[in-house]
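I opened a notebook page for a structure I had not looked at before. I wanted the overall build on paper before any detail.

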Amino acid sequence: MTPDASRFLSDLHYLRSFGTTGTGVVRRAFSEPDIASRDWLAGQIRQIGLTPHIDPAGNVFGLADGPSLLIGSHSDTQPEGGWLDGAYGVIAGLEIARAAAEAGGPAISMVSFQDEEGRFGALTGSDIWAGRTPLAEADGYMSTDGIRFGDARQGLAHLMQDHFVDPARFTGFLEMHIEQGPVLDQSGDRAGVVTSIVGLRQVQVTVTGQQNHAGTTPMHLRRDAFQGAVQVASLLRERFANVVTPDTVWTIGHFRLHPNASSVVPGQAVFTIQWRDGDADRLDRLERVIKDVLAEVGTETGMAVAATQLRNDLVPVPMDDRMQAALRAAAEKHSPGSWRSMPSGALHDASNLSHLMPVGMLFVPSIGGISHAFDEDTKQEDLVLGLRILAEAAATLAPGRG
């Protein structure tokens with residue numbers, strides 16, 4: 001089983017054409033470019049002799065006969081996304097499955113999960129497929145631009161089957177991804193075998209003050225929702241200091257004001273707080289700090305400060321020992337002395353699949369540590385090296401030749 005590097009790169013660049021914007025890609029879940037790319041991918045799956053299956057959540061599978069190893073990632077992007085995030089792992093899965101089919105085995109299937117990037121949540125497609133969220137519940141998820149998941153997925157209705165693939169047909173899951181961080185780029189290592197994926201929690205906070213005239217309302221009489229939000233952010237930085245480690249991250253990433261006018265004191269501020277760590281107890285402690293800060297700001301300002309949990313908590317997930325061992329052996333064979341074991345600070349679909357089967361992950365370097373941006377890129381030789389390492393490990397882990 002030998003993957004074709006030229007064919008792999010050609011397909012990877014072709015997928016890039018769906019939603020290409022400058023050096024990056026805009027291919028949000030269920031957008032027109034996303035739907036077109038999934039239609040194209042199903043055609044490629046058919047050509048290599050696998051059975052295409054697009055389920056009710058929009059996940060695209062290429063199925064080998066009988067039990068098989070599943071390889072893939074996601075192909076949707078952030079609002080301003082890079083061309084490799086997720087897409088790299090999807091096309092690697094396609095090429096390795098194709099090489100295996102040409103060689104007469106081993107048995108390998110591939111997948112592109114839907115809405116990993118969170119237009120409607122986080123890891124939405126794999127979350128539904130893994131049985132962690134019922135489809136009927138997910139249909140009520142609302143994007144930040146006001147579109148329901150249940151309505152958006154109708155754009156793929158002409159390609160969808162009415163049932164989900166049985167996870168029991170897969171013996172494990174491998175996901176390859178760009179690192180999306182600076183560790184490999186700075187160390188000079190050319191591959192990273194993932195040991196674990198961090199846990200994540202996220203809430204949406206609403207601060208409700210008093211909308212009023214910006215010119216006639218004295219400062220001491222204002223109930224400015226923006227100032228309340230700023231106070232929350234300042235106190236979090238202060239109170240988190242004794243809880244976090246260098247590996248802990250937290251972000252206020254989505255923020256909007258109402259009525260968002262220059263001559264109006266904001267009456268409402270809505271923003272997200274997201275925090276990630278590899279230790280579940282520390283995630284709990286950070287959550288308690290957040291609750292205490294929100295209550296304190298509400299009491300001091302006289303404004304209503306409320307928090308709503310966004311989606312299910314994602315717990316820290318260790319990678320399977322056997323998967324790690326196969327990836328380490330393959331990395332040492334193809335990149336001797338130039339790889340490392342490392343945790344993932346980003347979320348991946350492998351988190352959800354770990355509840356169903358053994359999972360493993362491989363990283364390749366991100367130039368400058370940049371991702372979720374149009375400047376995201378990886379050297380071509382590193383893309384190909386990752387493909388070879390993953391194929392080597394897959395040959396060890398997949399069910400044998402037919």
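The entries below go from the whole chain to its aromatic rings.

**Entry 1: what I am looking at.** I note at the start that this is a predicted model. I looked up the secondary structure and found 12 helices and 18 strands in the chain.

**Entry 2: overall dimensions.** I asked what radius of gyration the chain has, and how that fits a compact globule. The chain has 22 Å, and a compact globule of 402 residues would be near 21 Å, so the two agree. I also took the box that the C-alpha atoms fill along the principal axes, which is roughly 75 × 45 × 40 Å.

**Entry 3: inside and outside.** I looked up burial and found that 54% of the 402 residues count as buried. The chain exposes about 16,400 Å². Carbon and sulfur atoms supply 49% of that exposed area.

**Entry 4: contacts along the sequence.** I took the contacts between residues at least 6 apart in sequence. Of these, 80% join residues at least 24 apart.

**Entry 5: charges.** I looked up 32 positive and 48 negative charges in the chain. How far apart are their mean positions? The answer is 1 Å.

**Entry 6: aromatic pairs.** I looked up the ring pairs, and the count comes to 16 aromatic pairs. I started with Phe18 and Trp40, whose ring centres are 6.0 Å apart. Their planes stand at 40°, between the limits of 30 and 60 degrees, so I entered this pair as tilted. Phe18 sits in the loop between helix H1 (5-16) and strand E1 (20-21), while Trp40 is in helix H2 (residues 32-47). The two are 22 residues apart, and the pair links distant parts of the chain. I checked their burial as well: Phe18 is buried, and so is Trp40.

**Entry 7: a second pair.** Next I took Phe61 and Phe113, with ring centres 6.0 Å apart and planes at 85°. That angle is over 60 degrees, so the pair is edge-to-face. Phe61 lies in strand E4 (residues 60-63) and Phe113 in strand E6 (residues 108-113). The pair therefore ties together parts that are 52 residues apart in sequence. Are these two residues buried or exposed? Phe61 has a relative accessible area of 0% and is buried. Phe113, at 0% relative accessibility, counts as buried.

**Entry 8: the cluster.** I followed the ring pairs onward from Phe61 and Phe113. They belong to a cluster that ring pairs link together, with Trp129, Phe170 and Phe173 as further members.

Definitions and conventions: Residues are numbered from 1 along each chain as its sequence is written. This is a predicted model: local features need pLDDT of at least 70, side-chain atom pairs count only at pLDDT 80 or more; totals for chains, interfaces and linings use all residues. Side-chain values use heavy atoms; hydrogens and water are left out. Helices (H or I, at least four residues) and strands (E, at least two) are DSSP runs, numbered from the N terminus. The radius of gyration is taken over C-alpha atoms; the globule rule is 2.2 Å times the number of residues to the power 0.38. Buried means under 20% relative accessible area, exposed over 50%, partly exposed in between (1.4 Å probe, protein chains only). Contact means heavy atoms within 4.5 Å. Accessible areas come from the Shrake-Rupley method with a 1.4 Å probe; for residues, only the protein chains shown count as cover. Lys and Arg count as positive and Asp and Glu as negative; His and the chain ends are not counted. The place of a charge is taken as NZ of Lys, CZ of Arg, CG of Asp or CD of Glu. Rings of Phe, Tyr and Trp (its six-membered ring) pair if their centres lie within 6.5 Å; planes under 30 degrees apart count as stacked, over 60 as edge-to-face and the rest as tilted.
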